[in-house]
Amino acid sequence: MINTTPLSKNAAPATHAESHFDRKGLVQMILLGLLLLLPVAAYFLGHTYYVNLASRVTIIAMAAVGLNLAIGYGGMVSFGHAAYFGLGGYVAGISAYHAFDMTPFMSWPFSVPGSDSLLVVWLAAVVLCALLALAIGAISLRTTGVYFIMITLAFAQMIYYFANSWPTYGGQDGLPIYIRNTLPQVGNNLLDSSDALTYFLICFTGLMLAMALTSRLMKSRFGAALTMARLNDVRLATAGVSPYPIRLVAFVISAAITGLAGALYADLNGFVSPSMLSWHFSGELMVIVILGGVGRLYGPLAGAVLFVMMETFLGGITEYWQLFLGLVLLGVVLFAKHGVMGWLAGSERNE
Amino acid sequence: MSEIVLSLQKLHKRFGALQATNDVSLNLRPGEIHALIGPNGAGKSTLIGQIAGSLRPDEGRVYLADTDITHMSIAERARLGLGRSFQVSSLAEPLSVMRNVMMGVQALQSHSFRFWKPVARDQQLLKPAYEALERMQLSHRAWTPVFELSHGERRQVEVACALALKPRALLLDEPMAGLGPEGSAKLTELLEALKLEVPILLIEHDMEAVFRLADRISVLVAGSVIAHGDSHAIKQDPRVREAYLGDSDA
Ligand SMILES: Nc1ncnc2c1ncn2[C@@H]1O[C@H](COP(=O)(O)OP(=O)(O)O)[C@@H](O)[C@H]1O
Ligand SMILES: [Mg+2]
C-alpha cells in the first residue's frame, strides 16, 4: 500500500469479478452466436421467413440499444422514442418514394432529390433524428421524473398525428417502399440488399456498431459524467460539470441510434406507417429494455429476442399473447431486477 | 480586495415569510478557517447554498477573489475553485470512491465531451484523484464503493472531491456531525493541515473543534450575523452566550 499506488482498477481485488466475467462473457457469446448462426442456417435451408424474423429482432434490439442509452445509462425515461424510430422509417420511405417517382422532396430554397441509396438514407435518418432529439430534448430535459415521461410522450404523439394527417405520404395508410434501398455495388452483386441474408448481416452489423459505440462511450469521460448525472446530478454539478448538456448530448445520440434502426426497419418491411410512430411502440421498446435489463449492454438484445419470440410464436397460438408478456414482465420486475441479462449473467459491479 | 478569497456582500434570502438570510456580509482570507456557528435553523446551510450556487440570493453579491459569481451556475463556480461538502453527504453511492473524486479532476482538465478514451486507464485523471485521496488519508479505500464506507469516511470523500477541484476556497457544512469523538479529532487534524493551502468556511456544531480550528468566528442567529471575532471574543460575547452557547455555564 505504501509503494504500490493502485492507480488502476486491476489493483482492486478481482477474484470474484473474474469468474463472473466468464459467465457474463459466455452468456453474451451464446446470445450473439445464436443470433448470427440461426438465420444463416435458416437461409441455406431456404426459410427466408426466419431470416427476416432475425432481421426484425436485430433491428428492434438496435432501437432498444438507443433507448437503453437514455433510460439505462442516462436515467432519462423517454416515453417517446417511437418518434425517432418512425422518423428514421419515414426518411427511408419518403426518400425511396421520390427516387422512384423521380420528383424532388423539396425544391425551395434548394433542391433536395430523393435517393435510393441506403448510405444516403442512413445518414439523413441519423442527422434528422439527432436534430429532432436536440429540439425535443432541449425542452423536455428541463423537466424530470413523470413530467419528463409525459412531455416526451406528448412530442411523439404530435408527430404521430402529423404523419397520420399528411396525405402526401399516405397518411394513416402508410407509404410503401417498392424497391428496397440499395448499397453501392462493389464488383458483382456482393452487397445485394434485397437478399434476405445480406440484409440481415447489414442489420447485424448495425446492431454490433451501436452496442460497441454504447460500450465505448460509457467508458469515456462523457460516460463517466453521464453515469454521475444519473446517480446524483447534484454531485456532478458540485464537481464542476453541468448535467444538462451532458444529458442532452446523450439523448441526441440515443435518438440517432433508434432512428437508424427505424430506417432499417422500413426497408426490411418495404413499408412505413404511422404505427412506427405510435406510443404503443414507445411502450414496447421500454418493455424490451426492462425485460432485458436496464443499463445492461446486452439487455436490449436479450429483451428483443424474448419479446419478438413471444410475439411471433405465442402470438401465433393465441391473440392474448400479451397476457403472457405481462406475466413475464411481472416476473422480471419482481424477481430479476436486472432483467433477463441480470438473471442469466449475474449482477454488474460498478467500479 | 485581492487579499480576500471569498466575499459575501449584503446577502438577503427569503422563503415566503421567513427571512433565512438577513443582510449577511462576511469574507474569507487566505490561510484561515472562518467558522460559522449558530443554532439549528439559523440559516447556515442556506448561506452555503447561496455561495455554492444551489440557491439564488434575493439581494446582494458573492465574489470569489475579484470575480462576481452571484449569477453563475453551481458547475461554473466549482470550476472556478469553490469546493463544497454537504450537511447530508451527497455522493454517487454505487460508484467507487475514486470515481467520485475523479469527476472533479475531469471537470478541471477539459469539458466532458470526450467520447473515446477510457477513464479507467487515464493516468491524467487517476493520479490527481489519488493524490486528493491521500491528502484525506483515504487512498486505501480508493476502489471501495461509497455505500460500503462509514459515515466519517464519506465526509472525508466529500472533502477529497472538493480538493480534486484544486479549490481556492472550501465550504464545509457540518463535516463533523455524527462522527463521534475519534472521527472528529481525526478530521480536525486534517483540516488544520489543509487550511494553510485552502481557506475554509466551516459550519460546525462541535464547539471544541470550532474553538481549536477557527481563526475567526461569525455567529448567525435567525438569518443575521449577531457577532464576529476570534474564539476568545466570541466566548466572552454576552449576546452569543445568551443566544447560542446558553447562559447556564456563565
Ligand atoms: N428550500 C427552503 N424552502 C423553505 N424554507 C427553507 C428552505 N431551506 C431552508 N429553509 C428554512 O430556512 C431556515 C434556515 O435553514 P438552514 O439554512 O438549513 O438552517 P441551518 O443550516 O442553520 O440549520 C429554516 O427555518 C429552514 O426551515
Ligand atoms: Mg444546516
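## Ligand 1 and its hold on chain B

A backbone N or O atom of G41(B) sits 2.8 Å from an oxygen atom of ligand 1. Keep in mind as you look around that this is a predicted model. K44(B) also has a polar backbone atom 2.8 Å from an oxygen atom of ligand 1. With S45(B), the side chain does the job: one of its N or O atoms is 2.8 Å from an oxygen atom of the ligand. How much of ligand 1 does the protein cover? On its own, the ligand has 560 Å² of accessible area, and the protein covers 59% of that.

## Who else is around the ligand

G41(B), K44(B) and S45(B) have company. The residues surrounding ligand 1 also include F15(B), L18(B), A20(B) and P39(B). N40(B), A42(B), G43(B) and T46(B) belong to that shell too. Sort the shell by class and you get five nonpolar residues, five polar ones and one charged one.

Which elements of chain B should you look for here? Strand β2 (18-28) and helix α1 (44-52) each supply at least two residues of the shell. The largest share comes from α1(B), with three residues.

## Where the two chains meet

Now turn to the place where chain A touches chain B. On the chain A side, 36 residues are in contact, and they face 44 residues of chain B. People often describe the size of an interface by the accessible area lost when the parts come together. Here, the two chains bury about 3600 Å² between them, and 64% of that is on carbon and sulfur atoms.

There is polar pairing as well: between chain A and chain B, 15 residue pairs are in polar contact, counting pairs with both residues at pLDDT 80 or more. Which parts of chain A make up its side of the interface? Helices α6 (196-219), α7 (221-231), α8 (233-238) and α9 (243-269) of chain A each bring at least two residues. The one that gives the most is α7(A), with seven residues. Taken by class, the side of chain A that touches chain B has 19 nonpolar, ten polar and seven charged residues.

## A salt bridge to find

Over all chains, the structure holds 14 salt bridges. Two of them cross the interface of chain A and chain B. One to look up is the pair R221(A) and D122(B), whose closest N and O atoms are 3.0 Å apart.

Why does this pair join two chains? Have a look at where each partner lives: D122(B) is in the loop between α3 (97-109) and α4 (123-135) of chain B, while R221(A) is in helix α7 of chain A, so the salt bridge links one chain to the other. That is the helix that gives the most residues to chain A's side of the interface.

Definitions and conventions. Residues are numbered from 1 along each chain as its sequence is written. Chains are lettered from A and ligands numbered from 1 in the order in which they are written. This is a predicted model: local features need pLDDT of at least 70, side-chain atom pairs count only at pLDDT 80 or more; totals for chains, interfaces and linings use all residues. Side-chain values use heavy atoms; hydrogens and water are left out. Contact means heavy atoms within 4.5 Å. Buried area is the accessible area (1.4 Å probe) that two parts lose on being put together, summed over both. A salt bridge is a side-chain nitrogen of Lys or Arg within 4 Å of a carboxyl oxygen of Asp or Glu. A polar contact is a pair of N or O atoms within 3.5 Å; within protein, one must be able to donate a hydrogen and the other to accept it, and residues adjacent in sequence count only if both atoms are side-chain atoms. Helices (H or I, at least four residues) and strands (E, at least two) are DSSP runs, numbered from the N terminus. Ala, Val, Leu, Ile, Met, Phe, Trp, Tyr, Cys and Pro count as nonpolar, Asp, Glu, Lys and Arg as charged, and the others, Gly among them, as polar. A residue is near a molecule or strand if one of its heavy atoms lies within 4 Å of it. Accessible areas come from the Shrake-Rupley method with a 1.4 Å probe; for residues, only the protein chains shown count as cover.
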